[in-house]
Amino acid sequence: MGDTGRSSILVHILVIALCLTAFGFAIAAERRRSTGSIVTDSSNTTFCVYDSDIATGYGVGAFLFLLSGHSLLMGVTRCMCFGAPLAPGGTRAWSIIYFASSWITFAIAEACLIAGATKNAYHTKYRDMVYAGNWTCQSLRKGVFIAGAVFVVFTMILHVYFYMYYAKATSQAAKKISKTTPSVGMTGYV
């Protein structure tokens, strides 16, 4: 039992560390989004000049750290399908609820992060002779990476609760299976 408890704490620490790293990368990506400025050169060609594209790397980094944390947890729990049986009751119900919820928030967070990184990487670099009065350079909307960061935190919280209830349900199932006396009295008839 002690060895299972230590491995459970280790899984919690690793998942939290990976999710917090993903959160940090998502916040950094939001702060370093590419912005463009309109430049007209001597030949009357108007184009956008963008500053650094570091936010794309941060967004991809956040995506990969969250993916690795989620993969670690799903690998340890064997995605609740192939592992040890869960004891019937409240802990199994809560672990299933947290499992489904964590998958939903994980999908939303990953979608926000990869969409933000993709949109940030896409730029319209050159346009010839634009005569529009208020033409602007394309850039990523504010808040895409922040939405991803918020869902990373939700996913982390749901991962912690899922693994807590999953570990409790599997340990309860192991205790119930290891009984030495049968629960239904079966006697032999001669």
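Biologist: At 29% relative accessibility, as what does Phe 65 count?
Modeller: Buried means under 20% relative accessible area, exposed over 50%, and partly exposed in between (1.4 Å probe, protein chains only). At 29%, Phe 65 therefore counts as partly exposed.

Biologist: What kind of model is this?
Modeller: Residues are numbered from 1 along each chain as its sequence is written, and side-chain values use heavy atoms, leaving out hydrogens and water. Local features need pLDDT of at least 70, side-chain atom pairs count only at pLDDT 80 or more, totals for chains, interfaces and linings use all residues, and the model is predicted.

Biologist: What is the angle between the planes of Phe 25 and Phe 65?
Modeller: The structure holds twelve aromatic pairs; rings of Phe, Tyr and Trp (its six-membered ring) pair if their centres lie within 6.5 Å, and planes under 30 degrees apart count as stacked, over 60 as edge-to-face and the rest as tilted. Phe 25 and Phe 65 form a stacked pair at 5.4 Å centre to centre, and the angle is 20°.

Biologist: How many residues apart are Phe 25 and Phe 65?
Modeller: Helices (H or I, at least four residues) are DSSP runs, numbered from the N terminus. Phe 25 is in helix H1 (residues 2-31) and Phe 65 in helix H2, so the pair links distant parts of the chain, and the separation is 40 residues.

Biologist: What span does helix H2 reach from its first C-alpha to its last?
Modeller: The expected span of a helix is 1.5 Å times one less than its number of residues. H2 (residues 54-76) has 23 residues, and its span, close to the expected 33 Å, is 33 Å.

Biologist: Which element gives the largest share of the largest nonpolar core?
Modeller: A nonpolar core is a set of buried Ala, Val, Leu, Ile, Met, Phe, Trp, Tyr and Cys residues joined through side-chain atoms within 4.5 Å. This core has 28 residues, and Leu 73 of H2 is among those that touch the most other members. H1, H2, helix H3 (90-121) and helix H4 (144-177) each give two or more residues. The largest share, ten residues, comes from H4.

Biologist: Why does Cys 81 form no bond with the closest cysteine sulfur, and in which residue is that sulfur?
Modeller: A disulfide is a pair of cysteine sulfur atoms within 2.5 Å, and the count comes to zero disulfides. Cys 81 is exposed, with a relative accessible area of 58%. The sulfur of Cys 81 forms no bond because it is too far, at 5.2 Å, from the closest cysteine sulfur, in Cys 79.
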